[in-house]
Amino acid sequence: MHKRASVLTIVSVLLTGCAAVAAAAPIKVGVLLPASGVYAGLGNDQTLALELGFDAFGREVAGRPIELVYADSEAKPSTGLAQVKRLVLRDRVDVVVGIISSAVAGAVRDFIHNAEVPLVITNAGNDHLTGAQCSPWIMRSSFSNAQISREMGPWMADRGYRNVFLMAFDYAAGHQAMEAFRSGFVAAGGTIGGEEYPPLGETEDFGPYLAKIRAAGPDAAYVFFAGGPAIKFVKEWAAFGLHGEVQLAGAGWLNSALYIDAQGDDAEGTLGILNYVPSIDTAENHAFQERFRAAHGRAGSEFGVAAYDTARLIVEALQATGGNTDDKAALAAAMRAIRFDGPRGPFRIDPATNNVIQNLYIFEVQQQGDGVAAVVQEVIPHVQDAPNGCSL
Amino acid sequence: MRSRDRWQLPAAALLAAAAAAVWWRADLFTMELLAEVAILAIFTMSLQLLVGVTGMVSLGHAGFLAAGAYTTAAATLFWGWPPAAALVLSVAVAALLAAAAGLFVIRLSGVFFIMITLAVGQMFHAFFFRAQRFGGDNGLAGTPRIDLAALGLDSGAPGTFAAFALICAALVYLLLLLVTRSPFGMMLGAIHQNESRLASLGCPVRRYKLAAFTAAGAVAGVAGALTAQHTGFISPDLAFWTFSGEALIIVILGGSGSLAGAAAGAAVFVLLRDLLSSGSFWSGLSLPPELASHWQLFMGMLFIAVVLAARDGLYGRLAWLIEALHTRRRARR
């Protein structure tokens, strides 16, 4: 009896399997993330969250299975372009997602635009990608550099910080973040007490720059560092004794969930602004964090959330088109029409720039339990970029 | 040296025929690869003039390629030049920069030459990395391709551009072949073999080396201009020393001393990289597709194997093999 039942199940599974294969070709999603090179860690974080997202929101639409085709960009523009050409021309993917580095995004921009395949950028923050160089085919689910830093200027001016020192690495993202902060802060009546741009990848020691901050004597410093240098900067800031002397504030990657534990007490009191903090108290965020923790044994980060939301964006857009991927323009239009509440709050793509419209969270790092964590001070809802030269 | 040389033209002809055959049947993606092979071959042949012919091992050659690429981008995007004129300007700028750098670097040799060329290349990288006008580290997109409308062709089509790049590579090959077979090229070969003897014979060695360095830089400028046209995008990575190193590996892999070897090495490198970095290749061998991210490891193992088994590169081994078969047949007769 049991045996016959199992034989029947196997036969029926095989039959439906064959029928599905015959009836519906898979929907191919090309994933362009670095699995090696400097951004391999971020690429890995997004890969995990993307897989988790498709597990959560469905790996099949209208009978067509969703198949992820991975390509390693190595965070190098030339490799990224070669890989995206392979994804589009050889693997014939229906949509491309990913890209950590803005240089890679810039390299693939024209090819994607001409190939007319929808691309959802899950990290690269270069303002121009959804500004002067925007394309109807390129959407961004993460952030623009200016979007994150712009709101922090007026907020800090309101809190009585009159004189702020700026610091970031000497590269495009660093300058974009600092300019965004400056424009808001100066318009709100603040003054910039000085600024420093150490060379990227060559700065072993922040000591000389911290000395300049002390000499300038500002109320606060606004900085943009991420990854290893962020850990180093916060630790050196404390070791230099600037803790309690000058208020430290930054684009929130300074205290990313990925490494805030490594900063420990040294991060306490730091102010930050970001599109996501793990402590957001909504059902969607709890669901995301529980899934991520169950699968990988640690908290999900803002990088993971962008990939997770991207999976949902694609699945819901495919549902809206009934699984039809032949009409790429309709698929892109469907993506622009999707709205949902994700882990970071309301999510939608701005039809004017193709950049995400999202809440921003201003937080302070505080002691919590046996560690430190980002505690939200204020939520700035529905932050939207100006078109900045983009006309879609 | 001379015994190997007789296979130079047949090898090049074979390579050209193979490229033409592939082009005839290629899909869009293969066209992109072909264009990449052609451009990389121009670059590695220019490096061959330094490394294999003159014996100057440069680890900064990518700097001149990047200079050519940035010149093309600047001329077309900022000044509105047509891409063909920009290509000429790119060659001139790359040659000028190579001559200026050459004045200093040719005074050194051996390890010191490697180090100073490395430094020169990195100076280009550092400059472009901070050049906000060119987008800094984000690079700059939008360089147009050469206008072939006069011939009734659209260079935007992958097949047309691949053919254009392949023809450029063939022309560069012929040009460099003429150079190496000219009295000037013979002198470069002699410098390679015994520089001090040549100097004691009263030969202005430095002048020859400077000329070789400048010529190689100019040809690298061609590769740079074509790179900018092909990808439509430039970034400081083009000048980074790892790219120079890659080209050096290709030259050694292909066969030091031979232009056709350098071109063949470029083809092998691009095709192998494409194969090894493709997840479907590894899953086809029923291995985990994640191995695709480690393609450099396998490429490195291949490189070690070639260097151990064939010190004169793939081309050198092949020529040696043919030569050996030839003499055996003649002996039997």
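Between chain A and chain B of this predicted model, eight residue pairs sit in polar contact, counting pairs with both residues at pLDDT 80 or more. Looking at chain A's half of the meeting place, the elements that give two or more residues to the side touching chain B are helix H3 (77-90), helix H4 (102-115) and helix H7 (172-187) of chain A. Of these, H3(A) puts in the most, with eight residues. Sorted by class, the residues on this side of chain A come out as eleven nonpolar, six polar and nine charged.

Charged partners also pair up here. Four salt bridges turn up across the interface of chain A and chain B. In one of them, the side chain of Arg90(A) meets the side chain of Asp274(B), with 3.4 Å from N to O.

How many residues does each chain bring to the contact? Chain A brings 26 residues and chain B brings 25 residues. The size of an interface is often given as the accessible area lost when the parts come together. For chain A and chain B that comes to about 2200 Å², and 48% of this buried area is on carbon and sulfur atoms. Three residues stand out on the chain A side: Arg86(A), Leu89(A) and Arg90(A) supply 24% of the area that chain A buries against chain B, more than any other three residues. So Arg90(A) shows up twice, once in this trio and once in the salt bridge with Asp274(B), a pairing that counts because its N to O distance of 3.4 Å falls within 4 Å.

Next come the empty spaces. Rolling a probe the size of a water molecule over the atoms shows where empty space is left. The second largest pocket holds about 950 Å³ of space. Its lining is made up of 41 residues, and those nearest the pocket's centre are Ala11(B), Ala12(B), Leu14(B), Leu15(B) and Ala16(B). Which helices of chain B each supply at least two residues of this lining? They are helix H2 (8-25), helix H3 (28-54), helix H7 (158-181), helix H12 (259-276) and helix H15 (313-332). H2(B) gives the most, with twelve residues. By class, the pocket lining splits into 36 nonpolar, four polar and one charged.

As for closed spaces, the count is one cavity of 30 Å³ or more. The largest cavity has a volume of about 40 Å³. Its walls are formed by Gln46(A), Thr122(A), Asn123(A), Ser142(A), Phe143(A), Trp253(A), Asn275(A), Glu302(A), Phe303(A) and Ala306(A). Helix H12 (residues 302-320) of chain A has the largest share of that lining, three residues. The cavity's lining has four nonpolar, five polar and one charged residues.

Terms used:
Residues numbered from 1 in each chain as written. Chains lettered and ligands numbered in written order. Predicted model: local features only at pLDDT ≥ 70, side-chain atom pairs only at ≥ 80, totals over all residues. Heavy atoms only, no water. Contact = heavy atoms within 4.5 Å. Buried area = accessible area lost by both parts, 1.4 Å probe. Polar contact = N/O pair within 3.5 Å; in protein donor to acceptor, adjacent residues only side chain to side chain. Helix = DSSP H or I, 4+ residues; strand = E, 2+ residues; numbered from the N terminus. Nonpolar A, V, L, I, M, F, W, Y, C, P; charged D, E, K, R; others polar. 1 Å grid on protein atoms, 1.4 Å probe; cavity = no way out; pocket = protein on both sides within 12 Å on 5 of 7 lines; lining within 4 Å. Points joined across faces, edges and corners; volume = space filled by probe spheres on them.
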